[in-house]
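Colleague: I should be grateful for a close look at one single part of this model. Please begin with the surroundings of one residue, and then explain how that part relates to the whole.

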Amino acid sequence: MFVLRAAGLTLLIYALFNAAFGLNRQELPWLISAVLLAIGGLALFLARPWSRIVVLSSACAAAAVGAISQMRTAQDVNVRLEDATVAWALWSALWLATAYIGARYLSDRAGIEDS
């Protein structure tokens, strides 16, 4: 249960970062990725049979939306595309790995017991 909650909390922290950045820059893709990561984090906290699919799909969708927003932000601030791609890959790898680790600890049963 600890790993599920830690992974869920980490995804929620990533979501808060994306939300803060999105609100600061007033860009919808950053806010969309924040919502997707928050959905994944909450799915880990709930630990239901559907949580594994929701966590992994929301993290993948957030990575896709993040790529769009990262490239757009790079163009706005005159950052090289290669540097923006590296930054996107590192951030996406963090939350995709967190989602994968959390999903691995999800049970296929209807609920998870606190053992």
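**Asn18 and the end of helix α1**

Modeller: Leaving aside residues up to four places away in sequence, Asn18 touches Trp30, Ser33, Ala34, Leu37 and Trp95, where a contact means heavy atoms within 4.5 Å. The model is a predicted one, in which local features need pLDDT of at least 70 and side-chain atom pairs count only at pLDDT 80 or more, whereas totals for chains, interfaces and linings use all residues. Residues are numbered from 1 along each chain as its sequence is written, and side-chain values use heavy atoms, with hydrogens and water left out.

Asn18 belongs to helix α1, which covers residues 2-25; helices are DSSP runs of H or I of at least four residues, strands are runs of E of at least two, and both are numbered from the N terminus. With a relative accessibility of 1%, Asn18 counts as buried. Here, buried means under 20% relative accessible area, exposed means over 50%, and partly exposed lies in between (1.4 Å probe, protein chains only).

Beyond Asn18, the chain reaches Arg25, whose side chain meets that of Glu27 in a salt bridge at 3.0 Å, N to O. The term denotes a side-chain nitrogen of Lys or Arg within 4 Å of a carboxyl oxygen of Asp or Glu. In general, side chains of opposite charge can pair when their charged atoms come close. Glu27 is buried at 4% relative accessibility, while Arg25 is partly exposed at 27%. Arg25 also forms a salt bridge with Asp76, at 3.1 Å, N to O. This pair links distant parts of the chain, with Arg25 in helix α1 and Asp76 in helix α3, 51 residues apart. Asp76 itself is partly exposed, with a relative accessible area of 49%.

The count of salt bridges comes to three. The pair not yet described is that of Asp83 with Arg80, whose closest N and O atoms are 3.3 Å apart. Asp83 is partly exposed at 39%, and Arg80 is exposed at 52%. Salt bridges that share partners join Arg25, Glu27 and Asp76 into one network.

Between the two partners Arg25 and Glu27 comes Gln26, in the loop between α1 and α2 (28-46). Gln26 has a positive phi of about 55°, although it is not a glycine. As a general matter, most residues other than glycine have a negative phi. Gln26 is exposed, at a relative accessible area of 71%. Ala47 likewise has a positive phi, of about 50°, and is not a glycine; Ala47 is found in the loop between α2 and α3 (51-76). In contrast to the exposed Gln26, Ala47 is buried at 2%.

As for the whole, the protein has four helices and zero strands. Its radius of gyration is 15 Å, close to the 13 Å that the globule rule gives for 115 residues, so the protein is as compact as a globular protein of that length. That radius is taken over C-alpha atoms, and the globule rule is 2.2 Å times the number of residues to the power 0.38. The C-alpha trace spans about 50 × 25 × 20 Å along its principal axes. Of the 115 residues, 37% count as buried. Among contacts between residues at least 6 apart in sequence, 72% join residues at least 24 apart.
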